[in-house]
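Notebook open, structure loaded. I'm going through it piece by piece and jotting down what I look up.

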Amino acid sequence: MGIVHFIGAGPGDKELITLKGYRLLQQADVVIYAGSLVNPELLEYCKKDCEIHNSAHMDLDEIIDVMEVSVKAGKEVVRLQTGDFSIYGSIREQVEEMKKRNISFDCVPGVSSFLGAASQLGVEYTVPEVSQSVIITRMEGRTPVPARESLRSYAQHRTSMVIFLSVLGIEKVVEELIAGGYPEDTPVAVVYKATWADEKKLIGTLRDIAGQVKVSNITKTALIMVGDFLGEEFYYSKLYDRGFSHEYR
Ligand code: SAH
């Protein structure tokens, strides 16, 4: 029996996969990749005779069937997912199927796009005394969001927020964030295809970001980052303070 490896491909740049993911991708007999978001350049790491499937054209049963047939034939399968699969990765339903069908699997994490986007801006979500928490969320789409997790309710914390899967509804996002409590001059960044060659970065405030997004024609594959962590104000962390003990450095 073979095995299925679920691997986080990283946000785009083909060098942002982990070494472990890279090695498993090189060895794989079968790869099922999420074609709409995974950079196809990553497939250059595969063996010549590797069998490659694009899951954009497959439903859950078809994906699991390919895994099952391959594993039973003793093959190593890689399921390559964008960013890290623990964030909007639809991995739960796949893992449950693995258990049901007695297919061995393991998981290798990846760099999520919210980390890729922060690195492209050179920012820290947790600036001392500005914000010490990050809310990762989305606006409701075809997948509902529980009412107690509304953007408006989260906005009252005025902490750092990263909003996935919502750029198409940027106007509504802005409206909800302001209604919830962020001042209109709160800094916002929209990063499209972070770490890809055609990446775009927009910087503004809640007042003007929706207009910028419309002008740039960004309708998908973007993150909305909101909060004063993007602003001018910052404080030095105690970590590298001369008067502070060094045990965490
Ligand atoms: N598991 C992925 C997220 C999948 S959901 C991760 O960890 O990043 C798909 C959404 O992720 C997109 O709609 C977009 O909001 C965001 N996304 C994925 N890759 C991105 C990238 N390179 N730049 C900006 N946003 C990205």
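Before looking at charge pairs I fix the rule: a salt bridge is a side-chain nitrogen of Lys or Arg within 4 Å of a carboxyl oxygen of Asp or Glu. I also keep in mind that this is a predicted model.

**Entry 1: salt bridges**

I ran the rule and got a count of 16 salt bridges. I pulled up K201 and E199, which form one of them, with the closest N and O atoms 3.8 Å apart. K201 is partly exposed, at 41% relative accessible area. I also noted a network: salt bridges that share partners link D65, E68, K72, E97, K100 and R101.

Next I went to helix α3, residues 92-100, where R92 and E96 sit four residues apart, about one turn of the helix. Their salt bridge has its closest N and O atoms 2.7 Å apart. E96 also meets K99 in a salt bridge, at 4.0 Å from N to O. E96 and K99 are three residues apart in α3, again about one turn. A reminder to myself: an α-helix has 3.6 residues a turn, so residues three or four places apart point the same way.

How exposed or buried are these three? R92 counts as exposed at 60% relative accessibility, and K99 counts as exposed at 51%. E96, the residue that bridges to R92 and to K99, is partly exposed at 30%.

**Entry 2: an arginine without a salt bridge**

I looked up R79 in strand β4, residues 76-81. Which side chain of opposite charge is nearest to R79? It is E93, 7.9 Å away, and R79 is buried yet has no salt bridge. The cut-off is 4 Å, so E93 at 7.9 Å does not qualify.

What polar atoms does the R79 side chain find instead? I found the backbone oxygen of I32 at 3.4 Å from a polar atom of the R79 side chain. The side chain of Q81 makes a polar contact with that of R79, also listed at 3.4 Å. Leaving out neighbours within four places in sequence, I listed the contacts of R79, among them H5, F6, I7, I32, Y33, A34 and Q94.

**Entry 3: helix α6 and what it packs on**

Helix α6 spans residues 170-180, and its buried residues are I170, V173, V174, E176, L177 and G180. Why do I call this one side of α6? These residues cover an arc of only 165° around the axis, which puts them on the same side of the helix. They pack against α5 (151-155), β7 (160-164), α7 (209-216) and β10 (222-226). Just after α6 comes G181, with a positive phi near 145°.

I then checked I163, which is in β7. I163 is buried, with a relative accessible area of 0%. Its contacts, not counting residues up to four places away in sequence, include V173 and L177, which are also on my list of buried α6 residues. L151, A222, L223, I224 and V226 are among the other residues I163 touches. The I163 and I224 C-alpha atoms are separated by 5.0 Å, although the two residues are 61 apart along the chain.

**Entry 4: positive phi**

Most residues other than glycine have a negative phi. I therefore wrote down two non-glycine residues that go against this general trend. R158 has a positive phi of about 55° and sits in the loop between α5 and β7. R158 counts as partly exposed at 42% relative accessibility.

K193 has a positive phi of about 50°. K193 lies in the loop between β8 (187-192) and β9 (200-205). Is K193 buried or exposed? At 16% relative accessibility it counts as buried.

**Entry 5: around the ligand**

There are 18 residues around the ligand, and I87, S112, S113, A194 and A222 come nearest. A222 is also one of the residues that I163 touches.

For polar atoms I went through the backbone. P11 has a polar backbone atom 2.9 Å from a nitrogen atom of the ligand. D84 places a backbone N or O atom 2.8 Å from a ligand nitrogen. At L165, a polar backbone atom is 3.0 Å from an oxygen atom of the ligand.

Definitions and conventions: Residues are numbered from 1 along each chain as its sequence is written. This is a predicted model: local features need pLDDT of at least 70, side-chain atom pairs count only at pLDDT 80 or more; totals for chains, interfaces and linings use all residues. Side-chain values use heavy atoms; hydrogens and water are left out. Buried means under 20% relative accessible area, exposed over 50%, partly exposed in between (1.4 Å probe, protein chains only). Helices (H or I, at least four residues) and strands (E, at least two) are DSSP runs, numbered from the N terminus. The arc is that of the directions from the helix axis to the C-beta atoms. Contact means heavy atoms within 4.5 Å. Lys and Arg count as positive and Asp and Glu as negative; His and the chain ends are not counted. A polar contact is a pair of N or O atoms within 3.5 Å; within protein, one must be able to donate a hydrogen and the other to accept it, and residues adjacent in sequence count only if both atoms are side-chain atoms. A residue is near a molecule or strand if one of its heavy atoms lies within 4 Å of it.
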